[in-house]
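Here's a quick tour of what sits around the ligands, one pocket and a pair of strands. Have a look at the model first.

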Amino acid sequence: MTDGKSIFIDTTKCTACRGCQIACKQWNQRATEKTINLGNHQNPSDLSYNTWKLVRFSEIPGEEVTWYFFPDQCRHCLNPPCKDAADRKVKGAIAQEEKTGAVIFNSKVKVKPADFKGIREACPYDIPRINAGDGMMAKCTLCFNRVSGGMLPACVKTCPTGAMNFGDRKEILEKAKKRLESVQGKYQEAMLTDMDDVRVFYLLVDDPKKYYKRAVADNTIGITRKAALKRLLQPLSMFG
Ligand code: SF4
Ligand code: SF4
């Protein structure tokens, strides 16, 4: 596989317009959902089988109220733990696209509830979702069908502020590092999230937990293939 593609999401430029959320839903023809007013800017409340991109909103009260916007989606891990989990139980349910590196859920493979539980729990960002009715999983595809035709992912194309950046991984990593350097004078806690392990990463300027509890990988679950393999080998080592 080549270095593939990456998305860099610069949250300092995000205004929470939710254009990316709507563009994702439109391009991928996902059904609308009944939602409730949560008393804040976020809607719906969580990702779902039909919502692959969600602009999360967090408000921190204090002397000066601060808002944090986090456009959440699959990070397209370089060595995806969801695929490791799926390969054990439901062969062919998850694949990695050769040119982009996108992690793709096979829309024709049914997954049993118990197997899906293992797949969802393997994801350090809690991304996989399932349609309980037919056992089909779904999530962001990195718009590989657009990208293979020379177009930008729908979310990137629609972003009016430059918060969403897409391109060859090497160039996007360079762009993100330069942007990090340029904001570090103003924001001492500025960071790029898990960029060595994932294709979709973020520039944050404060404690990641203030944005969203899974803004960075939950390392009690494990992000690396090494960690995933260790888990896979556990049952064998019990007999060794
Ligand atoms: S973020 Fe989760 S669903 Fe996406 S590739 Fe990584 S493990 Fe799989
Ligand atoms: S389209 Fe851009 S500015 Fe609007 S919510 Fe998405 S990332 Fe933020």
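For residue classes, Ala, Val, Leu, Ile, Met, Phe, Trp, Tyr, Cys and Pro count as nonpolar, Asp, Glu, Lys and Arg as charged, and the others, Gly among them, as polar. This is a predicted model, where local features need pLDDT of at least 70 and side-chain atom pairs pLDDT 80 or more, while totals for chains, interfaces and linings use all residues. Residues are numbered from 1 along each chain as written, chains are lettered from A and ligands numbered from 1 in written order, and side-chain values use heavy atoms, leaving out hydrogens and water.

Now the ligand shells, where a residue is near if one of its heavy atoms lies within 4 Å.

| Shell | Nearest residues | Classes |
|---|---|---|
| Ligand 1, 14 residues | C74, R75, C77, C82 and C123 | 11 nonpolar, one polar, two charged |
| Ligand 2, 14 residues | C14, C17, R18, C20 and C159 | 10 nonpolar, three polar, one charged |

R18 turns up again in the lining of the second largest pocket, along with residues including Q21, K25, E33 and N43. That lining splits into two nonpolar, five polar and three charged residues.

On to the strands (DSSP E runs of at least two residues, numbered from the N terminus). β2 (residues 54–60) and β3 run antiparallel, joined by seven bridges, and a hairpin of five residues links β2 to β3. L54 sits opposite D72 in β3. Why is β3 (residues 66–72) largely enclosed by the rest of the structure? Because five of its seven residues are buried, meaning under 20% relative accessible area with a 1.4 Å probe, protein chains only.

Conventions: 1 Å grid on protein atoms, 1.4 Å probe; cavity = no way out; pocket = protein on both sides within 12 Å on 5 of 7 lines; lining within 4 Å. Buried < 20%, exposed > 50% of the residue type's maximum accessible area, 1.4 Å probe, protein only. Helix = DSSP H or I, 4+ residues; strand = E, 2+ residues; numbered from the N terminus. Pairing = 2+ DSSP bridges.
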